[in-house]
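Visitor: Could you give me a close look at one part of this model? I'd like to see how it connects to what lies around it.

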Amino acid sequence: MSKMTVTAYLRGSTIGNPNSNGHFYLASLASTHKVEKFKLVREPDNPYDPHAILVHGAKLYKGQKYGYIEASIARMVSHYIDGGYRVLVTDYDMYMCSDGEHRSVKFTLEIDMDAAQKDSYRLRRARLSKI
């Protein structure tokens, strides 16, 4: 079983009430005691970044937008998501930013390389069967 682990930081989030973009406040994550689950949603049509990956709550705050995976990591991880690899958030930690005023979230992402190989094999077979 082959897995790759990546550390990513959340960007475009807020601590208070949801902002104009609908991003949910991070204080809710601090109170979940690490029981929240997340869904990573690709946004290839995002006008600011074609590799954008939005982080949604998937359990306690289902559907709430928390922000985006930082661009440098999203550029790499988006290719795995687009290629059919299973990418999961396996852990997260709140941390204080260097300015001492803002909090953010550090995620641990796990890319399941075996699932991708099986999925890509199935996709290739499906494409060949249509020819």
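Let's settle on strand 4: which residue in it does V55 stand opposite? Start there and work outward, please.

Guide: That would be G67, which faces V55 from strand 4. Before we go on, bear in mind that this is a predicted model, where local features need pLDDT of at least 70, side-chain atom pairs count only at pLDDT 80 or more, and totals for chains, interfaces and linings use all residues. Residues are numbered from 1 along each chain as its sequence is written, and side-chain values use heavy atoms, with hydrogens and water left out.

For orientation, the protein chain has three helices and six strands, arranged from the N terminus on as β-α-β-β-β-α-β-β-α. Helices (H or I, at least four residues) and strands (E, at least two) are DSSP runs, numbered from the N terminus. Of the 131 residues, 34% count as buried, meaning under 20% relative accessible area with a 1.4 Å probe, protein chains only. Take contacts (heavy atoms within 4.5 Å) with a separation of 6 or more: 56% of them join residues 24 or more positions apart.

Back to strand 4, residues 65-69. Strand 3 (residues 53-57) pairs with strand 4 in the antiparallel sense, over three bridges; for two strands to pair, DSSP has to find at least two bridges between them. Strand 1 (residues 3-11) is also an antiparallel partner of strand 4, this time over two bridges. There, R11 has Y68 as its bridge partner.

Now the aromatics. A ring pair is described by the distance of the centres and the angle of the planes. Rings of Phe, Tyr and Trp (its six-membered ring) pair if their centres lie within 6.5 Å; planes under 30 degrees apart are stacked, over 60 edge-to-face, and the rest tilted. The structure holds five such pairs. One of them is F38 with Y66, edge-to-face at 5.8 Å centre to centre and 70° between the planes. F38 sits in strand 2 (residues 38-42) and Y66 in strand 4, so the pair ties together parts that are 28 residues apart in sequence. Y66 has 0% relative accessibility, so it counts as buried, and F38 counts as buried at 13%. Y92 and F107 make another pair, a tilted one, at 6.4 Å centre to centre and 50° between the planes. With Y92 in strand 5 (residues 86-96) and F107 in strand 6 (residues 103-112), that pair links parts 15 residues apart in sequence. Both Y92 and F107 are buried. Put F38, Y66, Y92 and F107 together and you have one aromatic cluster.

Have a look at H56 as well, in strand 3. H56 is buried, with a relative accessible area of 16%. Leaving aside neighbours within four places in sequence, H56 is in contact with K37, F38, K39, V41, G63, Q64, K65 and Y66.

Y68 leads us to the loop between strand 2 and strand 3, where N46 is found. N46, set aside its neighbours within four places in sequence, is in contact with A52 and Y68. At 13% relative accessibility N46 counts as buried. Its side chain makes a polar contact with the side chain of E43 at 3.0 Å; a polar contact is a pair of N or O atoms within 3.5 Å, and within protein one must be able to donate a hydrogen and the other to accept it, while residues adjacent in sequence count only if both atoms are side-chain atoms. The N46 side chain also reaches the backbone nitrogen of D49 at 3.2 Å.

A52 turns up again with R42, a strand 2 residue. The side chain of R42 reaches the backbone oxygen of A52 at 3.1 Å, and a polar atom of that side chain lies 3.5 Å from the backbone oxygen of H51. R42 counts as buried at 15% relative accessibility. Not counting residues up to four places away in sequence, R42 touches P50, H51, A52, I53, S78, I81 and D82.

S78 brings us to helix 2 (residues 71-82). In helix 2, I73, A74, V77, S78 and Y80 are buried. They cover an arc of only 160° around the axis (taken from the directions from the helix axis to the C-beta atoms), which puts them on the same side of helix 2. Helix 2 is followed by G84, whose phi is positive, near 90°.

How values were computed: Expected span 1.5 Å × (residues − 1). Buried < 20%, exposed > 50% of the residue type's maximum accessible area, 1.4 Å probe, protein only.
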